[in-house]
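Trainee: I have a new structure to read. Can we go through it feature by feature?

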Amino acid sequence: MMSTPTVRVLYIDDEENNLQAFRASFRRMYEIYTAISAAEGLLILQNIDVHVIIADQKMPNTTGVEFFRSIVDTHPDPIRILLTGYTDIEALADAINHGDIYRYITKPWNDLELHNSIKNAYDAYKAKIDLRNKMVELQKTNDELNRFIYSISHELRAPLVSVIGIINLVKMEGLYDSSGEYWGLIETCSNKLDYYIQKTLQYYKNAKDVPDHSEINFATIVNELVELHGFSDKDTNFNVSINQNVRFIGDAFRIEVILSNLISNAIKYQKTNEPNKTVNIHIEVDEHEAQIEINDNGMGILKEHLEKIFTQFFKSKMHHGSGLGLFIVKEALNKINGNINVSSNIENGTTFKITIPNAK
């Protein structure tokens, strides 16, 4: 059988007979501390970990409401109950609205009512402490996750980059085809692993970071991404048209993530037998927003899949990848109040239209 927890109650009242009556009524139920003044009550609080404080409103020097307000910062945890022998509506309303008291009870009190109020107050105290402990645990878990992500980004990617570097050396020395398909298999696996790590990091950072506001030059971002993604696919032609004559403020990280994923997909889902693989990127920027259109002549998206493509981990049978790319795009746009529309068919490829507000 579990033992009943010890509930420590401090009762402050300038009338000694009230303190004695309280002790007599509740000494078997709670660990009782009493004080004849607010100053004496504060002294007890400084030495005893009290769960519930009951204070009389009408005391000389300091009223109950004034006392509670004075300990909000120094002793925020104990739950506060006000005893009032007269109706001071203004003081009560003010105390309740400011969160200085949990409940008020009129004098003379009813033992059962006061007993139930103390029990409920202790439950509120426990809930408050439990919530704080859970927040501490959550912060600890979050710190561990941060360390884990740091480990992924550094300790996992470092040897992977070395492997990819060795493969490039093998290519430079003309030995890539010397062992049949082995080097090609190693390169494919390494690139796929690097892709999944990058997507994991993108997803994590996109979910955590608060949007920033920096000046965006779309031409610079797009040209760098086209060069980066075009390096791995020399067969795709890019037609880039950017019209930006105004200052645009936005979240550089998320805008780059959005464009990078869409450009990567436009390359990845080209038709293998298409002689003229093409990706068109058109951006119009004005004082209010940036309108981005990315179009490809790839394999397209089935109509029944169009509503699902932004869902986490959705992959059609004919498409490879992590199923995270477009989900990350959608989440990033949600964070910066942007929106996205897609139209596609099997014959003519896919067009994504994105709108991102100018935050300047």
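Trainee: Through how many residues does a hairpin join β11 to β12?

Mentor: Through three residues. Keep in mind that this is a predicted model. Now look at the two strands themselves. β11 covers residues 339-345 and β12 covers residues 349-357. They pair in the antiparallel sense, over seven bridges. To see one bridge, find V342, whose partner in β12 is F352.

Trainee: Which sheet holds these strands, and in what order do its strands come?

Mentor: An open sheet of five strands, in the order β7-β9-β10-β12-β11. The pairing is mixed. At the edges are β7 (237-244) and β11, and each pairs on one side only. From one strand to the next, the twist averages 10 degrees.

Trainee: What packs on that sheet?

Mentor: Helix α8 does, touching β7, β9, β10, β11 and β12. The direction of α8 makes about 15 degrees with that of β10.

Trainee: How do β9 and β10 run, parallel or antiparallel?

Mentor: Antiparallel, with seven bridges between them. β9 spans residues 278-285, and β10 spans residues 289-296. Pick out N280 as an example: its bridge partner in β10 is N295.

Trainee: Back to α8. How many residues has it, and how far does it reach?

Mentor: For a helix, compare the end-to-end span with the expected one. α8 (residues 252-268) has 17 residues. From first C-alpha to last, α8 reaches 24 Å, close to the 24 Å expected at 1.5 Å a residue. At its start, look at D251. A side-chain oxygen of D251 comes to within 3.2 Å of the backbone nitrogen of F253.

Trainee: Why is α8 said to be largely enclosed by the rest of the structure?

Mentor: Because 13 of its 17 residues are buried. The cut-off for buried is under 20% relative accessible area. Take N265, which lies in α8. N265 has a relative accessible area of 12%, so it is buried.

Trainee: How far apart are N265 and G325, in sequence and in space?

Mentor: Sequence distance and spatial distance are separate readings. N265 and G325 are 60 residues apart in sequence. In space they are 8.1 Å apart, C-alpha to C-alpha.

Trainee: G325 is in α9. Which residues of α9 are buried?

Mentor: G325, L326, F327, I328, V329, A332 and L333. The helix itself runs over residues 325-335. After α9 comes N337, with a positive phi, near 60 degrees.

Trainee: Loops can be read too. Where does T236 lie?

Mentor: In the loop between α7 (218-231) and β7. Check the cover next. T236 has a relative accessible area of 6%, so it counts as buried. Then list its partners, leaving aside neighbours within four places in sequence. T236 is in contact with I267, Q270, K277, T278 and V279.

Trainee: What is the order of strands in the open sheet with parallel pairing?

Mentor: The order is β2-β1-β3-β4-β5, five strands in all. The edge strands are β2 (31-35) and β5 (103-106), each pairing on one side only. The twist from one strand to the next averages 20 degrees.

Trainee: How many bridges join β3 to β4?

Mentor: Five, and the two strands run parallel. β3 is residues 52-56, and β4 is residues 79-84. Look for A55 in the display: L82 in β4 stands opposite.

Trainee: Which strands do α1 and α2 meet?

Mentor: Helix α1 (residues 16-26) packs on the sheet and touches β1 (8-12), β2 and β3. Its direction makes about 180 degrees with that of β2. Helix α2 (residues 38-47) lies across β1, β2 and β3. α2 runs at about 140 degrees to β2.

Trainee: What about H115: is it buried or exposed?

Mentor: Relative accessibility is 19% for H115, so it counts as buried. H115 is found in helix α5 (residues 111-172). Not counting residues up to four places away in sequence, H115 touches F26, M29 and Y30.

Trainee: Last, the whole protein. How many helices and strands has it?

Mentor: Nine helices and 12 strands. Of its 360 residues, 41% count as buried. The accessible surface comes to about 20,700 Å², and 53% of that belongs to carbon and sulfur atoms. Among contacts with a separation of 6 or more, 66% are between residues 24 or more positions apart.

Note on methods:
Residues are numbered from 1 along each chain as its sequence is written. This is a predicted model: local features need pLDDT of at least 70, side-chain atom pairs count only at pLDDT 80 or more; totals for chains, interfaces and linings use all residues. Side-chain values use heavy atoms; hydrogens and water are left out. Helices (H or I, at least four residues) and strands (E, at least two) are DSSP runs, numbered from the N terminus. Buried means under 20% relative accessible area, exposed over 50%, partly exposed in between (1.4 Å probe, protein chains only). Contact means heavy atoms within 4.5 Å. Accessible areas come from the Shrake-Rupley method with a 1.4 Å probe; for residues, only the protein chains shown count as cover. Two strands pair if DSSP finds at least two bridges between them. Axes are lines fitted to C-alpha atoms, for helices over the stretch in contact, and angles run from 0 to 180 degrees between N-to-C directions. The expected span of a helix is 1.5 Å times one less than its number of residues. A polar contact is a pair of N or O atoms within 3.5 Å; within protein, one must be able to donate a hydrogen and the other to accept it, and residues adjacent in sequence count only if both atoms are side-chain atoms.
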